[in-house]
Amino acid sequence: DPTKMTVGGDPCCVWTPDNIATIVAFVQRPGKPLKPKVLLEQSAQALQSAFGAEVKTKEVMDIGGMKGFSLVVTAPGNGAAIDGKGNVSTTQHWVAVPRDKDVVIFLMTTPDANFAQNEQVFQSLLSTLKISGTQTPDQQASM
């Protein structure tokens, strides 16, 4: 039930293989177009500052036919969420596609010990995406 998820936006779909790890698709509405590169840097900084997250990878990339970003971080949590103080090393893989009026986000959260296995499922999901909507020329040119 997506309405039971607490994310920074409107949840659309949630998947969980074990009731701990999750993949959540949600939409944020910042009120203006955001550039993928700028949003990537702001997101990485926010996770580092708020939770002491270690950035594993970050890159601007093509996702579902649009420019977006991929960000992988690890921080203390409970395996199902990062809180900066839990005793379970928790990894999140953020994939975001800013569009003209919103940002489509796919977020996988998993205990770090299960990251490799759950990342395969997440990558399979991402490989099937076709994202509709429009991006501004600045968003499309973001590197």
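These notes walk through the predicted model, from the whole fold down to two residues.

1. **Elements.** The model is a prediction, so read every value below as computed from it. The secondary structure of the protein consists of three helices and six strands. What order do the elements follow from the N terminus on? They run β-β-α-β-β-β-β-α-α.

2. **Overall size.** The protein has 143 residues, and a compact globule with that number would have a radius of gyration near 15 Å. The protein has 14 Å, which agrees. Along its principal axes, the C-alpha trace spans about 45 × 30 × 25 Å.

3. **Inside and surface.** Of the 143 residues, 43% count as buried. The protein exposes about 7,600 Å². Carbon and sulfur atoms supply 52% of that exposed area.

4. **Contacts along the chain.** Take the contacts between residues at least 6 apart in sequence. Of these, 48% join residues at least 24 apart.

5. **Charges.** How many positive and negative side chains does the protein have? There are 12 positive and 13 negative ones. The centres of the two sets lie 5 Å apart.

6. **T91, a strand residue.** T91 is found in strand β5, which covers residues 88-98. Is T91 buried or exposed? Its relative accessible area is 1%, and buried means under 20%, so T91 is buried. Its side chain has a partner: a polar contact of 2.8 Å joins the side chains of T91 and T74. Set aside the neighbours within four places in sequence, and T91 is in contact with V72, V73, T74, M108, T109, T110, D112 and F115. T74 therefore appears both in this contact list and in the polar contact.

7. **Q135, a loop residue.** Where is Q135 placed? Q135 sits in the loop between α2 (115-127) and α3 (137-141). Its relative accessible area is 9%, again under the 20% cut-off, so this loop residue is buried too. A polar atom of the Q135 side chain lies 2.7 Å from the backbone oxygen of K67. Leaving aside neighbours within four places in sequence, Q135 is in contact with M66, K67, V97, P98, R99, D100 and Q140. Two of these names, V97 and P98, fall within the residue range of β5.

8. **Side by side.** T91 lies in a strand, while Q135 lies in a loop. T91 is buried, and Q135 is buried as well. For T91 the polar partner is the side chain of T74. For Q135 the polar partner is the backbone oxygen of K67.

Notes. Residues numbered from 1 in each chain as written. Predicted model: local features only at pLDDT ≥ 70, side-chain atom pairs only at ≥ 80, totals over all residues. Heavy atoms only, no water. Helix = DSSP H or I, 4+ residues; strand = E, 2+ residues; numbered from the N terminus. Rg over C-alpha atoms; globule rule 2.2 N^0.38 Å. Buried < 20%, exposed > 50% of the residue type's maximum accessible area, 1.4 Å probe, protein only. Contact = heavy atoms within 4.5 Å. Areas by Shrake-Rupley, 256 points an atom, 1.4 Å probe, with all protein chains shown as cover. Lys, Arg positive; Asp, Glu negative; His and termini not counted. Charge placed at Lys NZ, Arg CZ, Asp CG, Glu CD. Polar contact = N/O pair within 3.5 Å; in protein donor to acceptor, adjacent residues only side chain to side chain.
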